[in-house]
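Colleague: Before I trust any label in this model, I would like to see the rule behind it. Could you show me the structure and then take my questions one by one?

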Amino acid sequence: MPDADVASSGVAAEELKQFIERIERLEEEKAGLQGDIKDVMLELKGRGFDVKAVRTILRLRKKDHSERQEEEAILELYMQALGMA
């Protein structure tokens, strides 16, 4: 019964508590960073930039060049099939 071992050992329970507390702190930091990103996006929008386009650029920059090219080729193929190109 591993659960009884964790509950009775103290060491494993304390270790688990430390992991959970670390995750909680990281979640708080993450929330703060997300707020900072939101503020930058609002500033960007206020300066006349298109937020949706910037988000697309950020998403694309995370991909490597070949992955981006493949995605663009598939998109182009689908757009041609639909008469959109």
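Colleague: What makes Glu 71 count as partly exposed?

Modeller: Glu 71 has a relative accessibility of 31%, and because buried means under 20% relative accessible area and exposed means over 50%, with partly exposed in between (1.4 Å probe, protein chains only), Glu 71 counts as partly exposed. Please keep in mind that this is a predicted model, in which local features need pLDDT of at least 70 and side-chain atom pairs count only at pLDDT 80 or more, while totals for chains, interfaces and linings use all residues. Residues are numbered from 1 along each chain as its sequence is written, and side-chain values use heavy atoms, with hydrogens and water left out.

Colleague: Why is the meeting of Glu 71 and Arg 59 called a salt bridge?

Modeller: A salt bridge is a side-chain nitrogen of Lys or Arg within 4 Å of a carboxyl oxygen of Asp or Glu, and the N to O distance between Arg 59 and Glu 71 is 3.4 Å, so the pair fits the rule. Glu 71 lies in helix H4 (residues 65-81) and Arg 59 in helix H3 (residues 51-61), so this pair ties together parts that are 12 residues apart in sequence. Helices here are DSSP runs of H or I with at least four residues, and strands are runs of E with at least two, numbered from the N terminus.

Colleague: Which other side chain meets Glu 71 in a salt bridge?

Modeller: Lys 63 does, at 2.1 Å from N to O. Salt bridges that share partners join Arg 59, Lys 63 and Glu 71 into one network, and the count by this rule comes to two salt bridges.

Colleague: Is Lys 63 buried or exposed?

Modeller: With 18% relative accessibility, Lys 63 counts as buried, whereas Arg 59 is partly exposed at 39%. Lys 63 is found in the loop between H3 and H4, and, leaving aside its neighbours within four places in sequence, Lys 63 is in contact (heavy atoms within 4.5 Å) with Arg 68 and Glu 71.

Colleague: How many of the chain's elements are helices, and how many are strands?

Modeller: There are four helices and zero strands in the chain, and from the N terminus on the elements run α-α-α-α.

Colleague: What share of the chain's residues count as buried?

Modeller: Of the 85 residues, 5% count as buried.
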